[in-house]
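Please work through the following exercises with the sequence and the model at hand. Each task is followed by a solution in steps.

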Amino acid sequence: MPQLILDTVIEAPLSVVFDLARSIDLHMYSTKKTGEKAIGGVTAGLIEAGQQVRWQAKHLGVKQTLTVRITAMEKPCFFEDRMIQGVFHSMDHQHIFEELEEGSVLMRDVFNFRAPLGLLGRLAEWLFLKRYMLRFLEERNRVIKDVAESGNYAEYVCC
């Protein structure tokens, strides 16, 4: 199973980074290139443990839906989402937050996925899917970092 690990250092308070990472509104803003929209479950605000969201987006030229549930949460240091329905054979995403000595935050993504279609899926993972998913996460994290460090995050973390 492919595993992507991505570390992002953000100069902002831990609670702000944690909340931005679980903001449905910021997620939609950060994924505007794929037209990602929350169409079911929690569709705005901050997602909490036990809640789920159904996403619709266009990835690799194909319109897709994906439903994930927040299966674990320890505020403000950790949460995990798992796919409960979607195109992947399986997918889970751990979000880990650690306050560093100088006051910045290390945000670590541990993203595990398995493509469908057996051997063809393994080939797709190796040829392009792993790189595609890494770029997707890097862009999302860049937006989280930019918004957190700008100080203009109130619209994404309130309510």
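**Exercise 1: A salt bridge within a helix**

In this predicted model, the side chains of D146 and R142 form a salt bridge, with an N to O distance of 2.7 Å. Determine where the two residues lie and whether each is buried, partly exposed or exposed.

*Solution.* Begin with the location: D146 and R142 both belong to helix 3 (residues 118-150) and stand four residues apart, about one turn of the helix. Next, consider accessibility, where partly exposed covers the range between 20% and 50%. D146 has a relative accessibility of 39%, so D146 counts as partly exposed. R142 has a relative accessible area of 40% and is therefore partly exposed.

**Exercise 2: Salt bridges between separate elements**

Identify which parts of the chain are tied together by the salt bridges K75 with E48 and D92 with R82.

*Solution.* In the bridge between K75 and E48, the closest N and O atoms are 2.9 Å apart. K75 lies in the loop between strand 4 (62-74) and strand 5, and E48 in the loop between strand 2 (37-41) and strand 3 (52-59), so this pair ties together parts that are 27 residues apart in sequence. E48 and K75 also belong to a network of salt bridges together with D19 and R22.

The bridge between D92 and R82 has an N to O distance of 3.8 Å. D92 is in strand 6 and R82 in strand 5, so the pair ties together parts ten residues apart in sequence. D92 is buried at 11% relative accessible area, whereas R82 is partly exposed at 36%.

**Exercise 3: Classifying aromatic pairs**

Classify the pair Y29 and Y156 and the pair F79 and F97 as stacked, tilted or edge-to-face.

*Solution.* Planes under 30 degrees apart count as stacked, over 60 as edge-to-face and the rest as tilted. The structure holds six aromatic pairs. For Y29 and Y156, the centres are 6.0 Å apart and the planes meet at 35°, which makes the pair tilted. Y29 is in helix 2 (residues 24-30) and Y156 in helix 4 (residues 154-157), 127 residues apart, and the pair thus links distant parts of the chain. For F79 and F97, the centres are 6.2 Å apart and the planes are at 20°, so the pair is stacked. F79 and F97 are both buried, and they form one aromatic cluster with F18.

**Exercise 4: The surroundings of H95**

Establish whether H95 is buried or exposed, and which side chain it joins in a polar contact.

*Solution.* H95 is located in strand 6 (residues 90-99). Its relative accessible area is 3%, so H95 is buried. A polar contact of 3.4 Å connects its side chain with that of H93.

How values were computed:
Residues are numbered from 1 along each chain as its sequence is written. This is a predicted model: local features need pLDDT of at least 70, side-chain atom pairs count only at pLDDT 80 or more; totals for chains, interfaces and linings use all residues. Side-chain values use heavy atoms; hydrogens and water are left out. Buried means under 20% relative accessible area, exposed over 50%, partly exposed in between (1.4 Å probe, protein chains only). A polar contact is a pair of N or O atoms within 3.5 Å; within protein, one must be able to donate a hydrogen and the other to accept it, and residues adjacent in sequence count only if both atoms are side-chain atoms. Rings of Phe, Tyr and Trp (its six-membered ring) pair if their centres lie within 6.5 Å; planes under 30 degrees apart count as stacked, over 60 as edge-to-face and the rest as tilted. A salt bridge is a side-chain nitrogen of Lys or Arg within 4 Å of a carboxyl oxygen of Asp or Glu.
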